[in-house]
Amino acid sequence: MPVLKAAVLAVSLLLFALPSLAVDYAPYHTVAEAEAALREWSAKHSSLTRLHTIGRSAGGKNLLVLEIAGNGPVPAAKRQAVFVGANIAGFHNAGTEAALDLIRTLLTSDQAKELLASRTFYVAPVLNPDAHDTMFAKVRYRREGNDQQVDYDRDGLFGEDGADDLDGNGVITRMRIPDANGTWLPHPDEPRVMVRADALKQWKGTHRIESEGNDSDGDGRYNEDGPEGIIIDQNFAHQFPYPAPTAGPWPSHAPEAKALMDFLLARRHVGLAIVYGPANNLLDIPRSLGGGGDLGTTKFKIPASAASMLGFDPEEEYTLDQVWEVAQNLPFVQQNNVTKEQMAQFLGAGAATKLEDDDQKLIEHLAKEYKEALKKAELADDRPGEQYRRGGFTPWLYYQYGALALELDVWGVPPVKKAATGDAKDEPLTLDRLEAMSSEDFLALGEEKLGAFLKEIKAPPQFTAAMAIERVKAGQVTPKQMAQMAKQMGAGAPGGGSAKPGEDDAPTKRAREILTWVDQHAPEASHPWKSVTLSDGTKAEVGGLDPFITIAPPMAILQPAITVHTSTVLDLAKKMAQVAIQDVQVTDLGGGVYRVRAVAANRGFFPSHTKMAARAQANLPARLTLEPGSGMKLVTGRKSVAENRLAGASGTMAAEWLVRAERGATFTVRIDTDSAGSDQKTVPVGKGQ
């Protein structure tokens, strides 16, 4: 790390004890500083590292990957590998800092020495260099696109309507314009927060929301065609979101995406991939990509010719599971070893969109460990996690490349913990508080206070406080169930609406929670609404949060989260699959003929491949091979046997051969995989048997 950058970080860490911190992104690395650090490390640790330039960004900047591997019995290119890539989103600079910290730890920590003897790491701290430095620009905004020209509004022009800093505060925030047909309205208690209108809840909109800027091209839309280009994290092959202009005309059109795919496809030994980006797969387990169902459960019509051959009605819809139940027993399927996945392609069922069950169970287990690590470090383990998107790098890594792929956001605004305010009986009663109450706390409210509350939320008159108390005493209902029933009945305001806009609205609660955190820790990041006049004379207000504060906090706050994530990556790397020859037995059958039986096992916690990789046939299967030495000949059995996947910790595969051998001859049994390592054992025949 450059000396100046290290000094700034040290000062930031000294400020950690202070109650509030100014918005200062100086401790974060620019593209040039990150590249300088990589070259410095590569030169200083030349025996452990190799710096790859895998391509150039659309703007001509280097795409760098640092390979890190120690000396070990297996060459670096053949041992299990971990890929860690950061900030492909363009605005996730916190990920870059986490990736650089991982490199520093791998190169200088004693705990990493043993790991580097059996693992290879590929770390790419800046995957979207064209957008990365927008954090440090004179006018800050969240940028995702590279420097390719894209006509976002498809009017034949490029970059003619970008954002404008209307209030001159150096950041692009939000803009609200009074509009009787608008879909937003200010929160009555917190005017900095805008709430979505909801007719059912009688929340009438008063404004429309835009990003800050003029309608520079006069088409009635704001900032819809800025100077940035393709969003790289939408330009990968799985569930490519065509025809969205942000994604580009086809997968890998962005040079950054193509360079990444080329680099990884040439290195099939990567079994674990971590993407530091806006989503978090361990706080929020990946749901269906794009909102669709799983390939096995989504219904579709079978083409007429195939339906006739399979005996299905071409006018009805079936799931792939229903089709496969019939098709797997057909002679042509069995004779040609047709797989379920090949059948899906033949029928045009579409791409997989959900985790395989086995993979989901593994991720759920890892999520539990991850949350425990966060809690131990006094970091929030209960904050929301985002989902990755169609065409993203992470889903490509999982669904197409075949790695166990996780996206982690490193840090997010923690939930605000409300301090106790004395006797709980004196606190205002709300449906949310009622839902969290124990039966004892509920009964302690008393009939008078409970009756007033029921009247306030406009509960049905026949539902009295006395009745509620009796039912809770008898165990017929809990306070939580009572609150949930009240919400379902629309309790809260006349006509079923809530008393206040946003009162029971989760996004609004989260927005207020974020504001509370910002007010406590980085108040300068909050910009109150300020009146402006647009170039066309429209009156508006601009305001909101610094665009980076919710994902890139002051370095003193980010550092503990970085430390946890570096430890998490190292722990995951230790859990990777590791195949080994477990047992070899040789039985003398007489006449120079021997039976050889070998068993290979997976000694790692992870399976040799994900279930999705096996399903998509993304990797070569595990191969158990007999290599006869001099004076030996294979009599029966195939030289190699294959197994698509070895389960974690307990997965085994076995093979048996008959060989004819001279006494004293030797043979070698070996197990080979793409991403779970390899092993071999040489055994003599005859002598010593």
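1. For the angle between two helix axes, values under 35 degrees count as roughly parallel, over 145 as roughly antiparallel, 65 to 115 as roughly perpendicular and the rest as oblique. The structure is a predicted model, in which local features need pLDDT of at least 70 and side-chain atom pairs count only at pLDDT 80 or more, whereas totals for chains, interfaces and linings use all residues. Residues are numbered from 1 along each chain as its sequence is written, and side-chain values use heavy atoms, with hydrogens and water left out.

2. On the overall make-up, the protein has 20 helices and 22 strands, where helices (H or I, at least four residues) and strands (E, at least two) are DSSP runs numbered from the N terminus. Of its 689 residues, 51% are buried, a term that stands for under 20% relative accessible area, with exposed meaning over 50% and partly exposed in between (1.4 Å probe, protein chains only). Among contacts (heavy atoms within 4.5 Å) between residues at least 6 apart in sequence, 71% join residues at least 24 apart.

3. The helix pair to which the opening definition applies is helix 3 (residues 93–108) and helix 19 (residues 555–574), whose axes come within 9 Å and cross at roughly 55°. These axes are lines fitted to C-alpha atoms, for helices over the stretch in contact, and angles run from 0 to 180 degrees between N-to-C directions. Helix 3 and helix 19 are therefore oblique to each other. From helix 3 the contact is made by A94, E97, A98, D101, L102, T105 and L106, and from helix 19 by M555, L558, Q559, I562, T566, V569 and L570. Sorted by class, the contact of helix 3 with helix 19 has 9 nonpolar, 3 polar and 2 charged residues, where Ala, Val, Leu, Ile, Met, Phe, Trp, Tyr, Cys and Pro count as nonpolar, Asp, Glu, Lys and Arg as charged, and the others, Gly among them, as polar.

4. An open sheet of 4 strands follows the order 15-16-20-18 with antiparallel pairing, two strands being paired if DSSP finds at least two bridges between them. Strand 15 and strand 18 (632–636) stand at the edges, each with a single partner strand, so one side of each is left without a neighbour in the sheet. Direction ignored, neighbouring strands of this sheet are turned by 35° against each other on average.

5. Within that sheet, strand 16 (residues 593–602) has 8 of its 10 residues buried, so it is largely enclosed by the rest of the structure. Strand 16 pairs in the antiparallel sense with strand 15 (residues 579–590) over 10 bridges, and with strand 20 (residues 652–661), again in the antiparallel sense, over 9 bridges. Towards strand 15, V596 is the bridge partner of V586, and N602 of strand 16 stands opposite V579; towards strand 20, the bridge partner of A600 is M653. The hairpin of strand 15 and strand 16 has 2 residues between the strands, and G591 there takes a positive phi near 65°.

6. Helix 12 (393–401) has 8 of its 9 residues buried, so it is largely enclosed by the rest of the structure. The buried residues in helix 12 are F393, T394, P395, W396, L397, Y398, Y399 and Y401. What covers them includes strand 3 (80–86), helix 6, strand 9 (270–276), helix 11, strand 12 (404–408) and helix 20 (611–616). Just after helix 12, G402 takes a positive phi of about 100°.

7. Several loop residues deserve a look, beginning with E378, which lies in the loop between helix 11 (357–376) and helix 12. Phi of E378 is near 60°, a positive value in a residue other than glycine, and E378 counts as exposed at 75% relative accessibility. A649, in the loop between strand 19 (640–643) and strand 20, has a positive phi near 70°, being likewise a residue other than glycine, and at 56% relative accessibility A649 counts as exposed.

8. Two further loop sites complete the note. Y242 and P243 are joined by a cis peptide bond with omega of about 10°, and P243 is found in the loop between strand 8 (207–211) and helix 6 (255–265). T30, placed in the loop between helix 1 (3–14) and helix 2 (31–44), counts as buried at 18% relative accessibility. Leaving aside neighbours within four places in sequence, T30 is in contact with H132, D133 and F136.
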